[in-house]
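Welcome! Please take a moment to look over the sequence and the fold below, and then we can walk through a few places together.

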Amino acid sequence: MSEPSMSCDDEKAGGIQVITRAAKILDALGEKPNGMSLGEIAQAVDLPRSTVQRIVNALDSVQLVRGGVGGVRLGPSLLRLIARVHTEVVAIAEPWLQALSDATGETVSLARASGLQLAIVHYIVADRELRVVPRIGMNLPLYSTSGGRALLALDSDDAARELLGEAYKAVTDLTIRDFPALLEHLTEIRRTGLAYDREETLEGISMMAVAIDTILGRFSISLLVPSTRFTKNEADYREEILKCKEALLDEIGKVITRD
């Protein structure tokens, strides 16, 4: 009687191992939207190339990944699932984003990291004459935006360096241009929970952001403010955006890390 039980246990353990390995591969591909070779994937997840090949073939059969000239990348089935998750997050977050906009009188955005860029998922435009109106598809680098920095601060300095490199293109005259300068920001963000962009991405526009690490993914919440009134109201913005962060973490569910 014991042998079949052990066989079932072994089969279950093997199935869990395959799922774990597949998840690691998908996670690695998510960090490289332009695609990866099988060898690069094998190195990233510390698995034999032959094992990676078998798992990638299985994932490709259900359109979770796709191969091509640029290598293996996330497939249409997974991207559709991600889109549905983003839709769900927007539905949950929208009332809280609206409350933040009402409380501050400023434009609010919800965004996520997409490769090296900050992609706006949803926004609430302030109901006042002088306001910031985001444009979907804008070039928003992670290293210069408050939302991008807030998300980068969730991971280690080494992870940020590996993703972004050491030197950065200046978007405005105030943009940071190297990793040591970015590292100062990340250290402060981890200490305070707040990220700032003082006209580093858009001239005349200052931003304040927080990041939320939820069971539905990582997102940033940003206030986009004309610089002429940012400093005057900064304390109020800080109080309200931190309240919004805590409310959304309670509403969606935060990721619990264990040592």
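The protein has 8 helices and 7 strands. What you see is a predicted model. Of its 259 residues, 41% count as buried. The surface that the protein exposes comes to about 14200 Å², and carbon and sulfur atoms supply 52% of that area. Among contacts with a separation of 6 or more, 58% are accounted for by residues 24 or more positions apart.

**Helix α3**

Let us begin with helix α3, which covers residues 49–61 and has 13 residues. From its first C-alpha to its last, α3 reaches 18 Å, close to the 18 Å expected at 1.5 Å a residue. Which residues of α3 are buried? They are Thr 51, Val 52, Ile 55, Val 56 and Leu 59. Seen down the axis of α3, these buried residues fall within an arc of 125°, so they line one face of the helix. A general rule helps here: an α-helix has 3.6 residues a turn, so residues three or four places apart point the same way. On the face of α3 turned away from the buried side, you will find the exposed residues Arg 54 and Ser 61. After α3 comes Gln 63, whose phi is positive, near 65°.

**Two buried residues**

Here are two residues to look up in the structure.

| Residue | Where it is found | Relative accessibility |
|---|---|---|
| Ala 42 | helix α2 (residues 38–45) | 8%, buried |
| Thr 172 | loop between α6 (157–164) and α7 (179–192) | 7%, buried |

Start with Ala 42 in helix α2. Why does Ala 42 count as buried? Its relative accessibility is 8%, and buried means under 20%, so Ala 42 falls on the buried side of that cut-off. Leaving aside residues up to four places away in sequence, Ala 42 touches Leu 47, Pro 48, Arg 49 and Val 52. Val 52 is also one of the buried residues of α3. The C-alpha atoms of Ala 42 and Gln 53 are separated by 8.8 Å, and these two residues are 11 residues apart along the chain.

Now move to Thr 172, found in the loop between α6 and α7. Because its relative accessibility is 7%, Thr 172 counts as buried as well. Which residues does Thr 172 touch, not counting those up to four places away in sequence? They are Arg 177, Glu 199, Glu 200, Thr 201, Leu 202 and Glu 203. With Glu 200 there is a further detail: a polar atom of the side chain of Thr 172 lies 3.4 Å from the backbone oxygen of Glu 200.

Key
Residues numbered from 1 in each chain as written. Predicted model: local features only at pLDDT ≥ 70, side-chain atom pairs only at ≥ 80, totals over all residues. Heavy atoms only, no water. Helix = DSSP H or I, 4+ residues; strand = E, 2+ residues; numbered from the N terminus. Buried < 20%, exposed > 50% of the residue type's maximum accessible area, 1.4 Å probe, protein only. Polar contact = N/O pair within 3.5 Å; in protein donor to acceptor, adjacent residues only side chain to side chain. Contact = heavy atoms within 4.5 Å. Areas by Shrake-Rupley, 256 points an atom, 1.4 Å probe, with all protein chains shown as cover. Expected span 1.5 Å × (residues − 1). Arc of directions from axis to C-beta.
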